[in-house]
Amino acid sequence: MIKFCVKLVQRWLPEPFIFAIILTLVAGCLAMPICQQTPLEVVEHWGDGVWNLLAFAM
């Protein structure tokens with residue numbers, strides 16, 4: 001039963017990196033109309049936030 005579950009998850013569940021990319025795109029698309037910002041501004045804020053999280057994590 002465990003082998004079946006492992007095969008099922010390995011075959012059909014995408015990698016966590018795919019989830020991170022999809023959620024990043026969804027958050028960016030939602031941020032533009034909610035915050036009234038251009039795509040370039042959203043990308044700049046995302047980039048600034050990544051480095052702040054890195055400093056926090058380390």
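**Disulfides.** I searched the whole structure for disulfides, taken as pairs of cysteine sulfur atoms within 2.5 Å, and the search found zero. The model is predicted, so I used local features only at pLDDT of at least 70 and side-chain atom pairs only at pLDDT 80 or more, while totals for chains, interfaces and linings use all residues. Residues are numbered from 1 along each chain as its sequence is written, and side-chain values use heavy atoms, with hydrogens and water left out.

**Cysteines.** I looked up why Cys35 has no bond: its sulfur is 13 Å from the closest cysteine sulfur, in Cys29, and that is too far. For exposure I used relative accessible area with a 1.4 Å probe and protein chains only: buried is under 20%, exposed is over 50%, and partly exposed is in between. Cys35 is partly exposed, at 43% relative accessibility. Cys5 is also partly exposed because its relative accessible area is 34%.

**Elements.** I took helices (H or I, at least four residues) and strands (E, at least two) as DSSP runs, numbered from the N terminus. The chain has three helices and zero strands, and its elements run α-α-α from the N terminus on. The radius of gyration is 17 Å, well over the 10 Å of the globule rule for 58 residues, so the chain is more spread out than a compact globule. That radius is taken over C-alpha atoms, and the rule is 2.2 Å times the number of residues to the power 0.38. I also noted the span of the C-alpha trace along its principal axes, about 50 × 30 × 15 Å.

**Helix lengths.** I compared end-to-end distances with the expected span, which is 1.5 Å times one less than the number of residues. H2 (residues 16–35) has 20 residues and should span 28 Å; its end C-alpha atoms are 28 Å apart, which agrees. H3 has 19 residues and an expected span of 27 Å, and its end C-alpha atoms are 27 Å apart, which agrees.

**Gln36.** What is the phi of Gln36, just after H2? It is positive, about 50 degrees, although Gln36 is not a glycine. Most residues other than glycine have a negative phi. I placed Gln36 in the loop between H2 and H3. Gln36 counts as exposed because its relative accessible area is 66%.

**Surface and burial.** Buried residues make up 3% of the 58 residues in the chain. H3 is hardly covered, with one buried residue among its 19. The chain exposes about 5600 Å², of which carbon and sulfur atoms supply 76%; the areas come from the Shrake-Rupley method with a 1.4 Å probe, and for residues only the protein chains shown count as cover.

**Asn52.** I found Asn52 in helix H3. Asn52 is exposed, at 56% relative accessibility. Its C-alpha atom is separated by 38 Å from that of Leu8, and the two residues are 44 apart along the chain.

**Largest pocket.** A pocket is an open set of points on a 1 Å grid over the protein atoms alone, where a 1.4 Å probe fits, with protein on both sides within 12 Å along at least five of seven lines; lining residues have an atom within 4 Å of a point. The largest pocket has a volume of about 250 Å³, the space filled by probe spheres set on the points, which are joined across faces, edges and corners. Its lining has 13 residues, of which Thr24, Gly28, Val42, Val43 and Trp46 lie nearest its centre. H2 and H3 (39–57) are the elements that give two or more residues to the lining. The largest share, seven residues, comes from H2.
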